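Me: I've got a model open and I'd like to learn how to read its cysteines and one of its helices. Can you walk me through it?

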Amino acid sequence: MTSPAKTLIPATALALVAQLAVAIAGDVPRYNLDPLCRGIAQQGGMSLLPNQSPKKDYRSCIASELKVRYQLVKLWPTFKTSNKVNCIGENSAGGLSSYTGLLSCLQMAKEASKMFGQ
């Protein structure tokens, strides 16, 4: 016979994880874009246009990511909570999170759900 404490602990842990998942997926996350965009600018930037400087590339990167974040805010309610949680985790796993990566993940998950009828 199992003790009440042994069954209560897993149930409590499951409830906490469920609350955390909802909290994580509640709003579009806020990312620190500085390391990502500095890295892009230092590696040659976002375009092949002549006369681009690291400073211009950095600003272009920030502007591009903020546009994608604005798209995410509008589309956020259309994505499943489970996909949001998975994509936020995946996008954060590499260390340099981006709104572009998050949106791509969510769009692929949405299309996969359509393909498999889920």
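Reply: Sure. Let's start with a pair of cysteines: both C37 and C61 are buried. Keep in mind that this is a predicted model.

Me: What joins C37 to C61?

Reply: For a disulfide, you look for two cysteine sulfur atoms within 2.5 Å. Here a disulfide joins C37 to C61, with S to S at 2.0 Å. The pair ties together parts that are 24 residues apart in sequence, because C37 sits in helix α2 (residues 34-42) and C61 in helix α3 (residues 54-75).

Me: And which hand does the link of C37 and C61 have?

Reply: For that, go to the angle about the S-S bond. It is -70° for C37 and C61, and the link is left-handed.

Me: How many disulfides does the structure hold?

Reply: Two. The other one to look at joins C87 to C105, with S to S at 2.1 Å. This pair links distant parts of the chain, with C87 in helix α4 and C105 in helix α5 (residues 99-115), 18 residues apart. The link of C87 and C105 is left-handed too, with -80° about the S-S bond.

Me: Is C105 buried or exposed?

Reply: The cut-off for buried is under 20% relative accessible area. C105 has 12%, so it counts as buried. C87 is buried as well, with a relative accessible area of 2%.

Me: What pattern do the disulfides of the protein chain follow?

Reply: Count the bonded cysteines along the chain and write down who pairs with whom. You get 1-2, 3-4.

Me: Now the helix that holds C87. What should the 13 residues of α4 span?

Reply: Here you compare an expected span with the distance between the end C-alpha atoms. At 1.5 Å a residue, α4 (residues 81-93) should span 18 Å, and its end C-alpha atoms are 18 Å apart, so the two agree.

Me: Which residues of α4 are buried?

Reply: N83, K84, C87, I88 and N91. Look down the axis of α4 and these buried residues fall within an arc of 130°, so they line one face of the helix.

Me: Which residues are exposed on the other side of α4?

Reply: There you'll find E90 and A93, both exposed.

Me: And what follows α4?

Reply: Check the backbone angles just past the helix. α4 is followed by G95, and the phi of G95 is positive, near 105°.

Me: Let me say it back: C87 is on the buried list of α4, and a disulfide joins C87 to C105.

Reply: That's it. C105 is in helix α5, so to speak the other end of that link.

Key
Residues numbered from 1 in each chain as written. Predicted model: local features only at pLDDT ≥ 70, side-chain atom pairs only at ≥ 80, totals over all residues. Heavy atoms only, no water. Helix = DSSP H or I, 4+ residues; strand = E, 2+ residues; numbered from the N terminus. Expected span 1.5 Å × (residues − 1). Buried < 20%, exposed > 50% of the residue type's maximum accessible area, 1.4 Å probe, protein only. Arc of directions from axis to C-beta.
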